[in-house]
Amino acid sequence: MSYLPDAATTSRHTDQEVAGQTRFVATGAQTRGDFGLFEVTLPPGGGGPGPHLHRTFSESFHVLEGRLAVLDGDIWTTAGPGDLVYVPRSGVHGFHAADDDSGCRFLILFTPGAPREGYFRGMVELHAGGRVPTTEELDELAARYDQLNLRD
């Protein structure tokens, strides 16, 4: 019996889809569900999601440039270039650019490779033309992609 491995997958920078501030380096579909890897660029003072959790996948943040503030439960930590923050499944977290005068660029690793690109595309659509979506719209979109937004 011979073993024929699956072919490798190459994700060329020029072929990677961009949704707003997020570039899909490798989607779960491209990695047969093993992982998803996205690159995010936030402007100075740029916000990310508030406190939320995911029940079916973990998230890791690897900072490439600038500083990223990451909520871990109820404690904020600041990660700089080369730092990695791992959030396990069901871990409460959020993130935003740590500094008002400089942005940040970081990778998000999802394991396993959940189809998160739909969430990021949906966020771009909800904010199109400077529109401010309702809390209900944001929570409904998040719920479709295993994200439970936590609110007071």
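Which strands does α1 lie across, and at about what angle does α1 run to β2? The legends below address this and other close-up views of a predicted model.

**View 1. Helix α1 packs across part of the sheet in this predicted model.** Helix α1 lies across β1, β2, β3 and β10 (104-111). Relative to β2, the helix runs at about 165°. Helix α1 spans residues 117-126, and α1 also takes part in the lining of the largest pocket, to which it gives the most, with 4 residues.

**View 2. Six strands make up an open antiparallel sheet.** The order of the strands is β1-β2-β3-β10-β5-β8, and their pairing is antiparallel. At the edges stand β1 (18-19) and β8 (84-87), each of which pairs on one side only. In a regular strand, side chains alternate between the two faces of the sheet.

**View 3. Strand β3 pairs with β2 and with β10.** Between β2 (residues 22-26) and β3 there are 4 bridges, in the antiparallel sense. Within this pairing, Ala-26 is placed opposite Leu-37 of β3. Strands β3 and β10 also run antiparallel and are joined by 7 bridges; here Leu-42 stands opposite Cys-104 in β10. Strand β3 is mostly covered, with 5 of its 7 residues buried.

**View 4. The largest pocket has a volume of about 580 Å³.** Its lining comprises 27 residues, of which Gly-47, Gly-48, Pro-49, Tyr-119 and Met-123 are the closest to the pocket centre. At least two residues of the lining come from each of β3 (36-42), α1 (117-126) and α2 (135-144). Sorted by class, the lining of this pocket holds 14 nonpolar, 10 polar and 3 charged residues.

**View 5. Asp-139 is located in helix α2.** Beyond its neighbours within four places in sequence, Asp-139 is in contact with Asn-149 and Arg-151. The relative accessible area of Asp-139 is 26%, and the residue is therefore classed as partly exposed, since buried means under 20% and exposed means over 50%. Val-70 lies 69 residues from Asp-139 along the chain, and the C-alpha atoms of these two residues are separated by 20 Å. Helix α2, in which Asp-139 is found, supplies at least two residues of the lining of the largest pocket.

Key:
Residues are numbered from 1 along each chain as its sequence is written. This is a predicted model: local features need pLDDT of at least 70, side-chain atom pairs count only at pLDDT 80 or more; totals for chains, interfaces and linings use all residues. Side-chain values use heavy atoms; hydrogens and water are left out. On a 1 Å grid over the protein atoms alone, a cavity is a set of points where a 1.4 Å probe fits but cannot get out, and a pocket is an open set with protein on both sides within 12 Å along at least five of seven lines; lining residues have an atom within 4 Å of a point. Grid points are joined across faces, edges and corners, and a volume is the space filled by probe spheres set on the points. Ala, Val, Leu, Ile, Met, Phe, Trp, Tyr, Cys and Pro count as nonpolar, Asp, Glu, Lys and Arg as charged, and the others, Gly among them, as polar. Two strands pair if DSSP finds at least two bridges between them. Contact means heavy atoms within 4.5 Å. Axes are lines fitted to C-alpha atoms, for helices over the stretch in contact, and angles run from 0 to 180 degrees between N-to-C directions. Buried means under 20% relative accessible area, exposed over 50%, partly exposed in between (1.4 Å probe, protein chains only).
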